[in-house]
Structures are given as C-alpha cells and as structure tokens.
Amino acid sequence: MRFENVQSDVTVVGGGLSGVSAAVAAARLGKKVALIQNRPVLGGNSSSEMRVWVVGATGHGVNRYARETGVLGEMFVENQYTNPEGNPYYWDLIVLEKVRHEPNIQLFLNTDVHEVEAEGDELNRHIKSVTGWMMGSERKIRFESPVFLDCTGDGLIGFLAGAKYQIGREAKHEFNEAWAPDVSDNITLGSTLLFYTKDAGRPVKFVPPSFTKDITQTPIPIKRVLNSGDSGCHYWWIEWGGAEDIDTLHDNERIRDELWSVIYGIWDYIKNSGKFEAETMTLEWVGSMPGKREYRRFKGDYVLNQNDLERQTQFEDNVTYGGWSIDLHPPEGMYAADYTSRHYHSDGIYQIPYRSLYSFNVNNLLFAGRNISATHIAFGSSRVMGTCASVGQAAGTAAALCVENKATPREIYEKHLKQLQQTLLWEDASVIGIKNEDPADLALQAEVTASSYLSRLAVESADEAFELATDVAFLMPVDPNIEKIQILLDAADDTSVEVEVWDTGRQENYIPYQLQVRDVQTIKKGNKQWIEFNLPWSPESTQNAFVVIKENPSVSVYLSHQPMSGVLSFVREKALNVARGMESLNHDQLVVKWNMKRVVRKPFCFRLATETKAYEPAKIMDGYQRPYGGAHMWLSEPSKDDAWVALKWDKEVEFNEIHITFNDDVNEDLINLHHHRTEFDVIPELVRDYRLEVFEKGNWRILFEVKGNRQRKRKHTLENDVRTEQLRLVVEQTNGTAYAEIVEIRVR
C-alpha cells in the first residue's frame, strides 16, 4: 500500500458532468484542480456504464434558444461532429479529452473518497481534507485544498463534513409549493437500468435467467410501450426504488436486482411471447449500475423552489439557468398502475441563483449536480444532466474565485458577485440576461464597422407549402419597428386571412404574451401571392415579435428550407404526441401548445417592409452572448466574397488576447447518444475559415489564420502584446450558411 498527499487549489469529488464542468472551469482560470472519480470512466449517468442521454434546458425542443454553452456546449458540438451515431464509448472519449486537455487538472479515476476531515461547530464547519482509496493500485490518497466541491450526486462529501441536507419531499407549508404534499415524507425518484439491443442478422434464442420477472403479472405489458427495436432511454420508465420504505442509497443493490429482473422479463416477453417480430434480435448490453435520480439535497443560503420555476424569478445572483420541465414520477415506478411522469414547463428558462450552490453551514463547500439547494419539486427540473453541467461550471468558477480572493463561497456572493458573473460570461458559460460589462474588455471602447450587414429581413425561398389547418407563427426581431409585413401564400378560394403581432413578455420567452396589433386582408384565389398586412408596432426597446397567422383551411403558407438566424417558426398543435402517452403535459401551456418540432430550421416565407437594425455590426458589442429579446449578433449580407467586421479605437491600444464567439444556433437541440441526430455534423451557421488582422503602417497584417473551425468560442493568445488602432476579423467561409455570423469579439 502507498500513502500519498495531494495539495491543490480546488478539490472536486465526483466525475459526472457537473464535476467535469466544475474542474475544467476552475482549471481554465489558472487553478490547480484535483478531480476525483470513483469509477473508471467520467460522465456519471451519461457514461458508457449508464448510457443516459444528456437533456437540459431545451426540454427536447420545448424551449427556444436554450441549449447550454460553455464546457457542456463545447462537448455537445464536438460530439455532434465526431460521434453522430451516438456511440456511448465515443462520448466517454469526448468527456475524457475535455479533462485531459487542461494541464491544471490532476485526474484520479477509480478513487473512492469515504473519509472527510472537518472541524468547527454545527453552524460553521470547515473541511480540511478528504481521503480516497484508489482501487486496483492500493494507493490511499489524502487531498487538501482551500475549497471543495461535492459533485458526487448522493452528496457523500457534504454529509461526512456535516453539511445540512434534505431527503424526500418537503411539506406544502414550507415553501407554499402547489405540488408539495401536506406532510413531508421520504419519497424520492427511483433509479433506472437501461439495456441495448441489436439485430444479429440471424435467429437468436433467449434463455431467461432464473431471476427473470414474469412481467405478465405486473401492469407493464398493458401500461407501457414495448417494441423489439427499442433500447436505451426508450426504457427510461424501468424505474424503481422511490417509495418511502425504500432507501435509494442504502438499498442500491436490492434496487439493481429488481431492475435486472424486469429487464430480463421484458426481453423474455419480447423474444418468447410470440407477440413481437424479434427472432433475430439480441441483447447487446445491459447496465449493471442503477442510474440514480435522487438522494441528498444540500441546504444553501437559498432553496430553489417550485414558485421560482413557475414565476421565472429574477435573481441578483443569477449564474446559470434550467429549462427542463418539473418532471416527477410516481413512487411505485414501473409497477405503478397508471404510470405517467408529471410535467410542468415554465414559460421559458428559469434562473438558478449562486446562493443555491454552496453550503450554509460548511464554509468552504460548494456543490453542483442533483444535490444543489432545491426542494424536491424544483429538483424535478434542475436534476437533469445538462443543467447539472451548467451548474458545475458556475460552481467551479466560484471555487476558483474563492482561491483568488481568499474568500469563502458566501463572501463571493457578498463581495465578488459581479466578478463571478462577468467571469462566467468571459468563459461563455450558460448565463442569460446579464450583459458584458468587463472594464478590461477593450472591444467595448471601439467603433465597429463591417463590410456589410443584413438590413433587409426577408425569407423568400419557397420550398414547402404548409396548410393553415391550425394557427402558425413566426418569431422575428423588431429593431426598431414594424410597419408592414408581406406573407407568401396560396388561396384555394376567395377568402380572408388574419395576422396578429404579439410581444413575448419577458426577453427570454418565446410565446405570445400581449396582443399589439392585428390586420385582416381579403385575398383572391391564387398561388404564391405576396399579401401585405398593415401591422405597425414600435416597441420602446428592441424585442421579438410573435407573428401569428390564423387558421384558414383554404390557405397555405410557405416554408423555406434555408434557416434565418433570429427567426423561428411555430405550429399551434391541436394534439400532443409526447413519449407515447407516458408523460402528462399540460397542453394549455403556451410553451407546449406553440410547438416548433415540425418546422425546426424551416422559417415561414415573409418580407419585412422596413429596414432592420437587428443584425448591424454594433450588435457584437451590445453585451449579450445569446438571443435575448433579439438575436444579438452581426450578420453580413449574403455574399461569396470575404466578409469582415472591424474594431477601431481613437488611439492605439495594447492587447494579447482575442476571444471570438461565433453563432452555433443554440436553438438546435443537440444530444450525446442515440435519441436523435441532426442532418449535419457541424452547425451550418458556424464560421469555418477566418483570419484575424491588425492594421499596421497602412496595411493589414495577419495575426491568426484558422481553417476548418467547428467551435462556437475561439480564444487566440499572442506571445507578445500587439499595439494597433484597428483589428479586423475576416470571414472566408462558413460551414453552410450564406451569412457571416458573429456573436461577440472581446479584446484584452
């Protein structure tokens, strides 16, 4: 046996996506990080050991412009290119490479931490060290650092350190939550095992093991959907262990055995009942570790609750966001007689406050993942891995600032909150509604010019007719106003068409909120007519318009197959087709009713009569890195020639670092495994080939030249400072779109 001692700035325990994001975030800020994982692979529930696909704020397309950026966003975009088939082992590599790319991270796999040295009284604890055993190597390792992050999911580190926590459901009187029970209890969400199948191409028999469950004696064959070709997360509902008399932690082995018995029972039923075409199907993989949904939730200085999600509470310490529905399952799990997972969607994304990411009684403990300070009901949304990862980046950034400022996590909130938020923006983290106000960003002092910008907002390529059997809508930026809108349509008879313009209420929402203006036009029978509607609206500030074309079965409008950044399409669906009947969605919610899945990347054909400033060059300096009441990006006019955007200062400035944020269409719902895939391996809106130039002695000199880019955020660092009055980004080629699309340029 070997005894070791590791000293670092930040210790992260738990190598799921929250721990990986936290470690990478702290390491990129120059801090030495120890990342400890008790498994041989990183990724937690998303790894090849569990194979749960990563969902987050997009809600599989329910929320708009909601895909996470930052560390997780980088992994999503890279996985889309290198792993379009959704191979779980390739995803393992994506996550591992993200960690290994950071020289400031020491990675300790197969290392189980089960000892914590802490001191202090009940209300003011302090962690001195944690100790882990590295399996297979006989190494006992003690980790010391000023700050610790518990990203273990179950919350073991905080528990051993004496951090206050909650298990189960809070009573209604505690937070006045509509879904809370009258009396608190220990009910949690259960755990799940998944399995993969494949077609062997020849007959394959299945002899069930002795512990196989006869599922015909359960509600499963009647209440669930079984298909011989389904596998993986199609069977998310194979869940058990949430009832009050079961402990999802201490009964983990019992839960695993029960889940195994049902998996083999399902497969026995599919293979041997004669009710399925499964003769050549075989099991490819069966999980051996239950994917756990819930256990401890720590108490922070703020407890996120159901009301915050429903009201989309605005927090001064907003550091990231969620958007998955409040997703709660029956405690009986797969044996529930009426199995539906109960869902509630906010009108858009909701904010997560920093005060929910650190312990109120352990003064050097932060946490990220499903164990953050939230009620059981709010946790029903914040628990999903995409949100856990974005929380991890926020917590890891805060940990780095604790070290830098010699401060506790609470003191970061009290004294350094703006630094935290601005640092998150600098790293392209998932934050919405906060502007770049970095005093060190020289770009904010520059005048911005460009080779051109898109001033005529129009979608004119008519590729697909769409019958107005229901209301449809399109979202477009209004900057500064609307006067008239032309819409391309067919009319089978003489008729009239009604169009309405609504605002969206909050800047982060994409639903009709308040009617602003409407117009009705009488039209003659005929095809491909551009009909003009008088829709004058001049909002006080730049925002989106939700333009509704009312139902008329005699009329068809047109969809284009050429996407337009800042423009979205919607269909007011009359019927739901969600998870084959096992998810209970409230169809009256506008965010559910106005669906975009049938028309993703297909804008309706329209023309705006007045010019728009929505894409002018100055948008790259307006402080926003994501759509928020507008697109917040520069778009050039379509051209086969190079397009450029330039910064010009009144006098020479000196810098050695340039950050560029390209548009990677955060409305596109990416995934890590096999749930769905895009038709392209690289986001078409991303700039592919570009160069950075400075103006010296009457000529442009190239600083950097990049070919084959497929990333959203690019950082360029110079060995020596450069002095100049002008900096120019020249776009030579995109990955498919006709426009050069730049979100932001930063200079330090």
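At what angle do the axes of helix α10 and helix α12 cross? Here are my notes on that and a few other spots; keep in mind that this is a predicted model.

1. **Helices α10 and α12.** Let's start with the opening question. Helix α10 covers residues 385-405 and helix α12 covers residues 417-426; their axes cross at roughly 125° and come within 10 Å. Angles from 115 to 145 degrees fall in the oblique class, so α10 and α12 count as oblique to each other. If you turn the model around to check the handedness, the crossing of these two helices is right-handed.

2. **Helices α1 and α3.** Now for another pair. In general, two packed helices are described by the angle between their axes and the distance between those axes. For helix α1 (residues 17-28) and α3, the angle is about 25° and the axes are 9 Å apart. The cut-off for roughly parallel is under 35 degrees, so α1 and α3 get that label. α1 passes α3 in a left-handed crossing, whereas α10 and α12 cross in a right-handed way.

3. **A patch on the surface.** Stay with helix α3 for a moment, which runs over residues 88-100 and includes Y90. Together with Y89 and L93, Y90 forms a nonpolar patch on the surface. The three residues have about 330 Å² of accessible area together. Is Y90 itself buried, exposed or partly exposed? Its relative accessibility is 43%, so Y90 counts as partly exposed.

4. **Salt bridges, starting with E258 and K213.** Side chains of opposite charge can pair when their charged atoms come close. The count for this model comes to 55 salt bridges. One of them joins E258 to K213, with 3.0 Å between the closest N and O atoms. This pair links distant parts of the chain, 45 residues apart: E258 sits in helix α7 (residues 252-272), and K213 sits in the loop between β11 (195-199) and α6 (220-223). Buried means under 20% relative accessible area, so E258, at 18%, counts as buried. K213 has 26% and is therefore partly exposed.

5. **R601 and E668.** This salt bridge has its closest N and O atoms 3.7 Å apart. Both partners are in loops: R601 is between β33 (594-595) and β34 (606-608), while E668 is between β36 (643-662) and β37 (687-696). The two residues are 67 apart along the chain, so look for them in distant parts of it. E668 counts as buried because its relative accessibility is 9%. R601 deserves a second look for its backbone too: its phi is near 65°, a positive value in a residue other than glycine.

6. **R723 and E654.** Here the salt bridge runs between two strands, with R723 in strand β39 (residues 713-734) and E654 in strand β36, 69 residues apart. The closest N and O atoms of R723 and E654 are 2.9 Å apart. How accessible is R723? With 45% relative accessibility, R723 counts as partly exposed. E654 is partly exposed as well, because its relative accessible area is 40%.

7. **A salt-bridge network.** Not every salt bridge has to be viewed as a separate pair. D642, R691, E693, K707, R728 and E732 are linked in a network of salt bridges. Try showing these six side chains together.

8. **Backbone oddities.** Most residues other than glycine have a negative phi, and most peptide bonds are trans. With that in mind, look at the bond from D479 to P480: this peptide bond is cis, with omega near 10°. P480 lies in the loop between β24 (472-478) and β25 (482-491). Next is H632, a residue other than glycine whose phi is positive, near 55°. You'll find H632 in the loop between β34 and β35 (634-635). H632 has 10% relative accessibility and so counts as buried.

9. **T218 and Y335.** One last pair to find. T218 is in the loop between β11 and α6, the loop that also holds K213. How many residues separate T218 and Y335 along the chain? They are 117 residues apart, yet their C-alpha atoms are separated by 6.6 Å. With a relative accessible area of 13%, T218 is classed as buried.

Methods
Residues are numbered from 1 along each chain as its sequence is written. This is a predicted model: local features need pLDDT of at least 70, side-chain atom pairs count only at pLDDT 80 or more; totals for chains, interfaces and linings use all residues. Side-chain values use heavy atoms; hydrogens and water are left out. Patches are made of residues with over 30% relative accessible area and no salt bridge: like charges are joined within 9 Å, nonpolar side chains (Val, Leu, Ile, Met, Phe, Trp, Tyr) within 5 Å. Accessible areas come from the Shrake-Rupley method with a 1.4 Å probe; for residues, only the protein chains shown count as cover. A salt bridge is a side-chain nitrogen of Lys or Arg within 4 Å of a carboxyl oxygen of Asp or Glu. Helices (H or I, at least four residues) and strands (E, at least two) are DSSP runs, numbered from the N terminus. Buried means under 20% relative accessible area, exposed over 50%, partly exposed in between (1.4 Å probe, protein chains only). Axes are lines fitted to C-alpha atoms, for helices over the stretch in contact, and angles run from 0 to 180 degrees between N-to-C directions. Angles under 35 degrees count as roughly parallel, over 145 as roughly antiparallel, 65 to 115 as roughly perpendicular and the rest as oblique. A crossing is left-handed if the near helix is turned anticlockwise from the far one by less than a right angle, and right-handed if clockwise.
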